[in-house]
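Q: Please take a close look at a single part of this model, the sheet in the smaller-numbered detail of one chain, and describe how its surroundings are arranged.

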Amino acid sequence: MRLLDSLRFRIATLFRRSQMNAEMEDELRSHIQHRADDLERSGLPRAEAERRARIEFGGQVRYKEECREAAGGTLIESLQQDVRFALRMLHKSPGFTAVAVVTLAVAIAANAVVFGVLNALILRPLNVPQAQSLYGLERGSDKAVNQSYPDYLDLRDRNRSFEDLAAYNVAAVGLDTGNNPSSAWILEVTGNYFDALGIQPYLGRFFHGSDEHGSNSAPYIVLTYAFWHSHFQDDRGVVGRVVQLNKHPFTILGVAPPEFGGTLVFVFPDFWVPIVNQEQVEGVNVLNARGKRGILMVLGHLKAGVTPSQAVADLNSIGSYLEKTYPKDDGQMTFSLTRPGLAGDWLGRPLRAFLMGLMLLAGLILLAACANLGSLFAARAADRSREVALRLALGATRIRILRQLFTEAVLISLIGGTAGLWCSVVLLRGLSAWRPLPTAPLQVPVNPDANVYGVALLLSLASGFLFGAVPVRQVLHTDPYQVIKSGSTGTVGRRITVRDLLLVVQIAICALLVTSSLVAVRGLVRSLHSSFGFEPQNAMLVETALSMAGYSGDTVPAMQKRMINALETIPGVQSVGLVDRLPLYYGANSSYVFTDKTTDLRPANAAAEAMRYNISPEYLDAARTTLLAGRTLTWHDDKGAPRVAVVNREFASKIFGSATNAMNSYYKTKDGSRIQVVGIVEDGKYASLAEDPQPAMFLPILQSPSSQACLVVRSNGDSQQLVAAIKSTVQDLDAGLPFTIRTWNQELESALFPSRMATLSLGVLGVMGAMLSITGIFGMAAYSVSKRLKELGIRMALGAQRKEVLQAALGRAFKLLTIGSAAGLLLGILASRVLAFIVYQATPRDPLVLAGVVLAMLLLGLLATWIPAKRALSIDPMILLREE
Amino acid sequence: MTAQAQLLPGTLDLLILRAVSLGPLHGYGILLRIGQISGNALLIEQGALYPGLFRLVRQGLLTASWGTSENNRRAKFYELTAAGRKRLREETDNWNRLATAIGSALAAQPEEV
């Protein structure tokens, strides 16, 4: 209460300030008049009397100041003074101010952006009520998040730990709202999805668990707010409307609230559809297949009072029941819980590690920036030692002078922080609006929130105090008499100072960043030139999902064959092949395979888990996948013929020991069918560019049909004409079939996307770090040269050679540079292990990388010490000694 | 001019309170009154009075109001508050105790020890 009162009093006096000043003025004038009256009475003329009265009164300005202080309210007032003075000082040295503000702005922006991403993707929970108790399920030791629908039902109905368990899956569908068909991305969800998450509709209603009555029983759609806004123009009459989804009628039930965009942070679906209609949506129905783990994730709220470990124990007991009951389908059924937003640890762990690493680096950059600014400030304080000494001599307290310096530091940090925050908000907004891939509903929803603003403000204030504190000791030890008498005295410190340490740390960070970005760039370049197992140049991709146009069963392969034949007739086309899912496309299909001798076909006995591609006979040729031995598939490998496969070299050596053993041998799939290997092809990249060689098998599409299809059209003709020709050809075949055309190189963008992003962000941070290191080394070298000018001059006068002078002037800077670079390089080598998750073949044991780092650091050192070295060499001892 | 004594730190407030206790005064009047009651034996720089006055007002020991002086000029008059009166009593007692103690200490003769 006392504090509040005094604060109110101070603020009140602040507002009464001008009135009070006028009164004070009046009072002092009145005093002098009275005194002058007395003096006049003693015989002096009026003018002389007034003059004498003023003299006798003493320093009016000083007493007024003291009066103001005595009357209270001085803290705010002197703060105003400090700010005004600081602004004047900063205005007087625009170069220093600009450097300081830009340095801080860059460092704060880097921190705010990285924190913004970290905050949005990792720290911020999904936007659902009680997000704290929402968990997703992970299965087995490799933390797979996908489950099969029958397993999901068992987990949902048998557990006692969750309020409810919902599940979802991502899929693409063809949507026809009356005009032209287009494809849309959806989440297939269980009926209880919205209820389990606790979401309320924005418009209309949601579907519920009670709407599910077996396959295709719930033809309903719930729109996302964004899709409703962009495709239905906020039309409230949309509820109850029937639209065509893959040529099946579906009813729009309602619209979800704007803040809820699904349960996968980086995917924005267009709408939700009940998963019981999977057959209509995906063209296949695996809801009864316990071995097909097509559900992306199972998630739910824990019951109140149930701990995660209790829930895990509960799930594991269900798991062991499932293992015992369904040994053929259910392998390792142990569970763990994860945050649901990032598809579990599969994506969450490398992302978290990478972002944490970035955050650490950004923090270190800020620290380095503070160190730089601190030494700049210290140098400035040394330059201003005369001013400080004068003020001390005139009676200013040291506290007051320090407060002044801190005001300047905090002012700079606030200006820099505001500028940095502004930049980062622009960047983050841009990032959020960015749709990185044209073919997928990917987003990076990183809009800044209060947390980001708060962190940026806190960081800038903290850094202001940090670098403001550097010259404190210097000011506290200023002896005004010495300084004024003899000018600033430069004592050359020989011992290791905190500033030296900071510089070493900073150089180390820079070297670390340079190492990581070089490793990333090299990895990226290597991944661009590595063998994919196919040739993306001169290949066009035509993607369709026949299920979107109502094809099913036997009509699917027939239509596929017609498409291939039609496209082959286009002039310039060399070959056309079909594959159900492209290699390096999002996720890959894989199945367990067994040796021919295995009889107990449970997952634990599998010889390998192989990538599975269903292809048309021409695919291997169209993709330019080299056949190493045997034959390719033919159209005669159909349902009536014995089952055959072409496998890659890794498959051959893993299952059969060698390629020669593999030819014409048999292996088994989970359903017990024996498949004969008829050909062997080269290894390729299937799930990601960073993977080790994976076994893969290519099966004839007539023996394992799929309605998902991507046609690879290889030609040497003009691509624009080709696109037009493909369009008209496909539309001639079926006008209602939604399809997309793009080049294979464009498609690969998505596979390269993570490593590109990693390289880009590391590169940006590397450049920043390098900039800061240059200013840091430059500041240190320039400072030490200017402090030792006299000494260097004497040395030169006594006959020192240029080399010796340089060594004396810059030896220390280079020593620090060497130590820092070595430390940074070592750290960079360690950090590359994290990078290897994202970037293909990221290894620092690469002579080019090592040489690059050394070269870069050397260049950096030369650049930073160039000007100070020139200054040291241009010393003219005569002039210097005469000046003293 | 007779020899004047330097004011001990902190004693100016006491002198101001004492001067005002004899009746409302403006700043210059206080100065004259102090000179009068101390027999002009104390050296006070004129301006130094005012920070003291502002401090005492802020502590609630004095109140101030504008009025007209005997010279027919506008002036700010100071008056003792109840708290001021109490403080003056306490401070006077303190001072007397201190002065007596120091006086007797300084007056002590060798044979009295």
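A: The part in view is an open sheet of three strands in chain B, ordered β2-β5-β4 with antiparallel pairing; the model is a predicted one. The edges are taken by β2 (25–26) and β4 of chain B, and each of these has a single partner strand, so one side of each is left without a neighbour in the sheet.

Helix α1 (residues 11–21) of chain B packs on this sheet and touches β2, β4 and β5 of chain B. The direction of α1(B) makes about 95° with that of β5(B).

The two pairings can be taken in turn. β2(B) and β5(B) run antiparallel and are joined by two bridges. His26(B) has Phe77(B) as its bridge partner in β5(B). On the other side, strand β4 (residues 62–68) of chain B pairs with strand β5 (residues 74–80) of chain B, also in the antiparallel sense, over seven bridges. Here Gly67(B) has Ala75(B) as its bridge partner in β5(B).

β4(B) and β5(B) form a hairpin, with five residues between them. Asn72(B) lies in the loop that links these two strands. Its phi is near 65°, a positive value in a residue other than glycine. Is Asn72(B) buried or exposed? Asn72(B) has 8 other C-beta atoms within 10 Å, and exposed residues are those with 12 or fewer, so Asn72(B) counts as exposed.

Chain A offers a second case of this backbone feature. Arg624(A) is not a glycine, yet has a positive phi of about 60°. Arg624(A) sits in the loop between α20 (619–622) and β15 (627–630) of chain A. With 19 other C-beta atoms within 10 Å, Arg624(A) is partly exposed, because a buried residue needs 20 or more.

The sheet belongs to a chain with four helices and five strands. Along the sequence, chain B follows the pattern β-α-β-α-β-α-β-β-α. Of its 113 residues, 27% count as buried. Among contacts in chain B between residues at least 6 apart in sequence, 53% join residues at least 24 apart.

Helix α4 (residues 82–107) of chain B comes after β5(B) in residue number. At 1.5 Å a residue, the 26 residues of α4(B) should span 38 Å, and the end C-alpha atoms are 37 Å apart, which agrees. α4(B) is hardly covered: one of its 26 residues is buried.

β5(B) also takes part in the meeting of the two chains. In total, 18 residues of chain B are in contact with 19 residues of chain A. On the side of chain B that touches chain A, the elements giving two or more residues are α2 (27–37), α3 (49–58) and β5 of chain B. α3(B) gives the most to that side, with five residues. The residues on that side of chain B divide into six nonpolar, six polar and six charged.

Chain A, on the other side of these contacts, has 28 helices and 21 strands. Of the 884 residues of chain A, 42% count as buried. Among contacts in chain A between residues at least 6 apart in sequence, 81% join residues at least 24 apart.

The largest nonpolar core has 126 residues, and those with the most contacts inside it are Val647(A), Leu711(A), Val712(A) and Val713(A). Strand β2 (residues 166–176) of chain A supplies the largest share of this core, seven residues. Leaving aside neighbours within four places in sequence, the residues in contact with Val712(A) include Ala539(A), Leu541(A), Val576(A) and Tyr619(A). Another core lies apart from that one; it has 99 residues, among them Cys370(A), Phe377(A), Ile509(A) and Leu772(A).

One residue of chain A shows how distant parts of the sequence meet. Val519(A) lies in helix α18 (residues 498–529) of chain A and counts as buried, with 28 C-beta neighbours inside 10 Å. Val519(A) and Gly852(A) are 333 residues apart in sequence, while their C-alpha atoms are 9.8 Å apart in space.

Definitions and conventions:
Residues numbered from 1 in each chain as written. Chains lettered and ligands numbered in written order. Predicted model: local features only at pLDDT ≥ 70, side-chain atom pairs only at ≥ 80, totals over all residues. Pairing = 2+ DSSP bridges. Core = buried A, V, L, I, M, F, W, Y, C linked by C-beta atoms within 7 Å. Contact = placed C-beta atoms within 7 Å. Nonpolar A, V, L, I, M, F, W, Y, C, P; charged D, E, K, R; others polar. Expected span 1.5 Å × (residues − 1). Axes fitted to C-alpha atoms, helices over the stretch in contact; angles between N-to-C directions.
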